[in-house]
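Work through these exercises with the model open. Try each task before you read its solution.

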Amino acid sequence: MAKTLVIGGSGFLGSHVADILTTKGHEVYIYDIEKSKYLSSSQKMIVGDILDKKLIDKSVSKVDYVYHFAAVADIKEAKDNPIESARFNIIGTLNILEAIKNINKNIKFYQASSSEMYGGKSEEKLNEESKFDPKSPYAAAKVFSHDLTKVYRESYGMFCASGILFNHESPFRGETFVTRKISRAVGRIHMGLQSKLTLGNLDAKRDWGFAGDYVDGMYKILDYSKAEDWVIATGNAHSVEDFAKKAFNIVDKNYEDHIETSERYLRPNEVNYLLGDPSKANDLLNWESSTSFDELIKLMVENDIEIATKEKMLLDNGLIKPTWENPIID
């Protein structure tokens, strides 16, 4: 039985990967700073900091595969705490790579790279050879970790592969991310709990795909015959305004009646356009995104309508107080 360590396995994407690997018969160890609320009975939990070199070494020594997702992924948090986030996002990766190099070079390593590394300056399809131009401390740290992965692959003959994932969403996406912020607001507005939603740049365009599809892509990356860099994307870009319009259409509402914009939600160095070219993954991994943009939005909105329905019931019974943005009910 293959043994796999999922670092950052309590988070959004790591928990998806841990579950898929478990269904494929892997013995899964989840490594994270806090216990996973999604932990299944067959998965093993290792609670620890990615900067704890001794614990990383001990954990890596148990396994055949390592998926690395641990990072300060929130752009605002990385901007507000650049030194701490850089330590976490860079030294953490280095700790894992060193552990594999010193313990067992046959361990296969997956690095979660990011489309944010490209910077979004020009409107073009981005592939594995496209130039990186990071616009945030988070993106700069991801470039460093991506390059480290390549260095260890080429210098030490290790199986170190990077998946450059473009925006991947699901109903479990964190609520600080714009897609989930929109779907949560749509659910609450539909249930009469909220009246307005404030966003930043409505014109920003992203290549949004379903996280479940991307998990399959990551699995295929480590199952491929050699370690390389791979773009995982849909090949289609949509604006924040497009996402909002379609989300509100699901509940028969005009998004313009409910959305306001504010400069406080604008980035200091805006990433305007990110579009991936997944041709390499399509051709060599036989992978492609199977969930459409409309289907993704429908999944998220329907999930958040269910949550808002439960919130309304609790609110009506005085069991909670409204904490979301611009509530109708005081």
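The exercises below go from the core to the surface.

This is a predicted model, where local features need pLDDT of at least 70, side-chain atom pairs count only at pLDDT 80 or more, and totals for chains, interfaces and linings use all residues. Residues are numbered from 1 along each chain as its sequence is written, and side-chain values use heavy atoms, with hydrogens and water left out.

**Exercise 1. The nonpolar cores**

Find the residues with the most contacts inside the largest nonpolar core, and say which elements give two or more residues to this core.

Solution.
- Step 1: fix the terms. A nonpolar core is a set of buried Ala, Val, Leu, Ile, Met, Phe, Trp, Tyr and Cys residues joined through side-chain atoms within 4.5 Å. Buried means under 20% relative accessible area, exposed over 50%, and partly exposed in between (1.4 Å probe, protein chains only). Helices (H or I, at least four residues) and strands (E, at least two) are DSSP runs, numbered from the N terminus.
- Step 2: locate the centre of contacts. The largest core holds 28 residues, and Leu13, Tyr67, Phe69, Tyr110 and Met218 have the most contacts inside it.
- Step 3: list the elements. Those giving two or more residues are helices H1 (12-23) and H7 (211-223), with strands E2 (27-32), E5 (108-114), E7 (160-165) and E12 (229-232). H7 supplies the largest share, six residues.
- Step 4: look for another core. One of 24 residues lies apart from it, and includes Tyr255, Leu296, Met300 and Ile305.
- Step 5: take one residue from step 2. Contact means heavy atoms within 4.5 Å. Not counting residues up to four places away in sequence, Tyr67 touches Thr4, Leu5, Val6, Ile7, Val17, Leu21, Tyr110, Met218, Tyr219 and Leu222.

**Exercise 2. Helix H6**

Decide whether the residues of H6 are mostly buried or exposed, and name what covers the buried ones.

Solution.
- Step 1: check the length. H6 (residues 178-190) has 13 residues and spans 18 Å from its first C-alpha to its last, close to the expected 18 Å. The expected span is 1.5 Å times one less than the number of residues.
- Step 2: count the buried residues. Eleven of the 13 are buried, so H6 is largely enclosed by the rest of the structure. Charged side chains are among them, including Arg180, Lys181, Arg184 and Arg188.
- Step 3: name the cover. It includes strands E8 (168-169) and E9 (197-199), helix H8 (240-250) and H10.
- Step 4: look past the end. Gly192 follows H6, and its phi is positive, near 75°.

**Exercise 3. Salt bridges**

Trace the salt bridges of Glu311 and find the network they belong to.

Solution.
- Step 1: apply the cut-off. A salt bridge is a side-chain nitrogen of Lys or Arg within 4 Å of a carboxyl oxygen of Asp or Glu. The structure holds 16 of them.
- Step 2: take the pair with Arg184. The closest N and O atoms of Glu311 and Arg184 are 2.9 Å apart. Glu311 is in helix H10 and Arg184 in helix H6, 127 residues apart. Both residues are buried.
- Step 3: take the pair with Arg188. Here the closest N and O atoms are 3.1 Å apart. Glu311 lies in H10 and Arg188 in H6, so this pair ties together parts 123 residues apart in sequence. Glu311 counts as buried because its relative accessibility is 11%. Arg188 counts as buried at 9%.
- Step 4: join the partners. Salt bridges that share partners link Glu175, Arg184, Arg188 and Glu311 into one network.
- Step 5: set a local pair beside it. Lys101 bridges Glu98, with closest N and O atoms 2.9 Å apart. Both lie in helix H4, three residues apart, about one turn of the helix. Lys101 is partly exposed at 21% relative accessibility.

**Exercise 4. Positive phi in loops**

Where do Asp252 and Asn286 lie, and are they buried or exposed?

Solution.
- Step 1: recall the background. Most residues other than glycine have a negative phi.
- Step 2: take Asp252. Its phi is near 55°. Asp252 sits in the loop between H8 and strand E14 (259-261). At 74% relative accessibility, Asp252 is exposed.
- Step 3: take Asn286. Its phi is positive, about 55°. Asn286 sits in the loop between helix H9 (279-284) and H10. At 62% relative accessibility, Asn286 is exposed.
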